[in-house]
Amino acid sequence: MSANTTPKCCVIGAGPSGISTIKRLKEFNITYDCFEASDNVGGNWYYKNPNGMSACYQSLHIDTSKFRMGFEEFPVPKDWPDFPHHSDIFGYLNDYTDHFGLRETITFNTKVENAHREDDGQWTVRTSDGHTRSYDFMIVANGHHWSPRWPEPAYSGEFAGEQIHAHSYNTPFDPIDMRDKRVLVVGSGNSAMDIASELSMRFLTKELHISMRRGVWVFPKYINGKPADKVMLPGWVPKSIQNWLMEVTAKKVIGNPKDYGLPEPTYKVWQAHGTISGEFLQRAGSGDIKGRTGIDRFEGDTVHFTDGTQSDFDVIIWCTGYKIDFPFFDQSQFKADEKNNPPKLFKRLFIPEVPNLIYMGLAQSLPTLVNFAEQQSKLVAPYLLGEYALPSAQAMRQAIVDDEKFYTGHYYESPRHTIQLHFDHYAKRLDKEIAAGRIRARKQNPKAA
């Protein structure tokens, strides 16, 4: 690659992270191929996506308000409700793709089956269309809400009823007809709250129980008549103050989950990824949802719980999250480990020793993930053009330690909390790093400046 040419990049995925990445690459005339396994953009927001990777269910509304999820250069429609339906978001992502002329640059119905980094640093990529190609840079934007995580190790005994993961749930009738069934939802995240609330309608299921190992703090979508994430404190407010205010607000607005008939949380409000629902606590308080502790074992139709109680069920829905999965890599250093920890990444983008591998959107970002990679692309584009320089490998490793302590140090240990961060904090720190990297680049190559 000569000094007058841009690197050739392989971009995997055309969900929100993929399309916002290639929008930036196209804008800066950086050569890329973008491969999408499905027949359209949207990724997780493509209901019943033919690639099998969408976690949408028919009734899903995003838990991030429209005020926080829009792309900077492509505002969401003004007539949207505060919390749009998944079909609105899917349409928005398609409109974004067409507005910036990205569709013709994406290779659809083509899966990256293998990506291997050669000894000389080049990437060899084999795709499902039978082609093998070589690239200077690998950009991973395949998402992390598509590979279902089941409980490990599995519980003892066998459950005789039907079981699905939330990833497979579409409606109360698909893929399992839940009418007049005794249903147990397992989990404490947003999907668990949504699905439990929907199925708790008395004209649907006979009984709806939810099993939570730790209990959960459930935040409302609205506070004082405004979307809760619209009134969040800005990133410059110290985290200790934010945590304190979060706890005060939760106890004032929500109260103790135990008062709703739910297991009492064993952690402080700010020690876990926030769970948001506008209906769940009302359903629980009304007796439509019965809270249970964690599962101990199975015995036919009977589920035994850790508090010594037991009940019979017909269906279990496992809302137990997702694995971080990069199935196309055949080199273990680029994959997540058995505890769901991805490689240690500088600014959640770079492995220090592998400067031509970039991960996009690999975060559980509060309050929004849809436009997270858009922020990251502000660093990626100048980096690919040589206008931004990375710190030394040693400096990056130290920054990783510092950032992980800042972003995840206060969360309880769980596969759920390996990639947490706060959007505003991250964006503020990223801007500082971009400025510092531009200075490094000018010092390293004064003539280019």
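D177 is partly exposed, because its relative accessibility is 29%. In this predicted model, D177 forms a salt bridge with R179, and the closest N and O atoms of the two residues are 2.6 Å apart. The partner R179 also counts as partly exposed, at 48% relative accessibility. Salt bridges with shared partners elsewhere link K23, R24, E27 and E73 into one network. The structure holds 23 salt bridges. Side chains of opposite charge can pair when their charged atoms come close.

Within that network, the side chains of K23 and E27 meet at 3.1 Å, N to O. Both residues belong to helix 1 (residues 16–27), where a spacing of 4 residues means that about one helical turn separates them. K23 has 7% relative accessibility and therefore counts as buried, whereas E27, at 41%, counts as partly exposed.

A further salt bridge joins the side chains of R68 and D424, with an N to O distance of 2.8 Å. R68 lies in helix 2 (residues 66–69) and D424 in helix 9 (residues 423–444), so this pair ties together parts that are 356 residues apart in sequence. R68 counts as buried because its relative accessibility is 16%, and D424 is buried as well, with a relative accessible area of 19%.

Attention now turns to charge on the surface. E118, D119, D120 and D330 form a negative surface patch. One of these residues, D119, is placed in the loop between strand 4 (112–117) and strand 5 (123–127). With 86% relative accessibility, D119 counts as exposed, since the cut-off for that class is over 50%.

Definitions and conventions
Residues numbered from 1 in each chain as written. Predicted model: local features only at pLDDT ≥ 70, side-chain atom pairs only at ≥ 80, totals over all residues. Heavy atoms only, no water. Patch = residues over 30% accessible without salt bridge, like charges linked within 9 Å, V, L, I, M, F, W, Y side chains within 5 Å. Areas by Shrake-Rupley, 256 points an atom, 1.4 Å probe, with all protein chains shown as cover. Salt bridge = Lys/Arg side-chain N within 4 Å of Asp/Glu carboxyl O. Lys, Arg positive; Asp, Glu negative; His and termini not counted. Charge placed at Lys NZ, Arg CZ, Asp CG, Glu CD. Helix = DSSP H or I, 4+ residues; strand = E, 2+ residues; numbered from the N terminus. Buried < 20%, exposed > 50% of the residue type's maximum accessible area, 1.4 Å probe, protein only.
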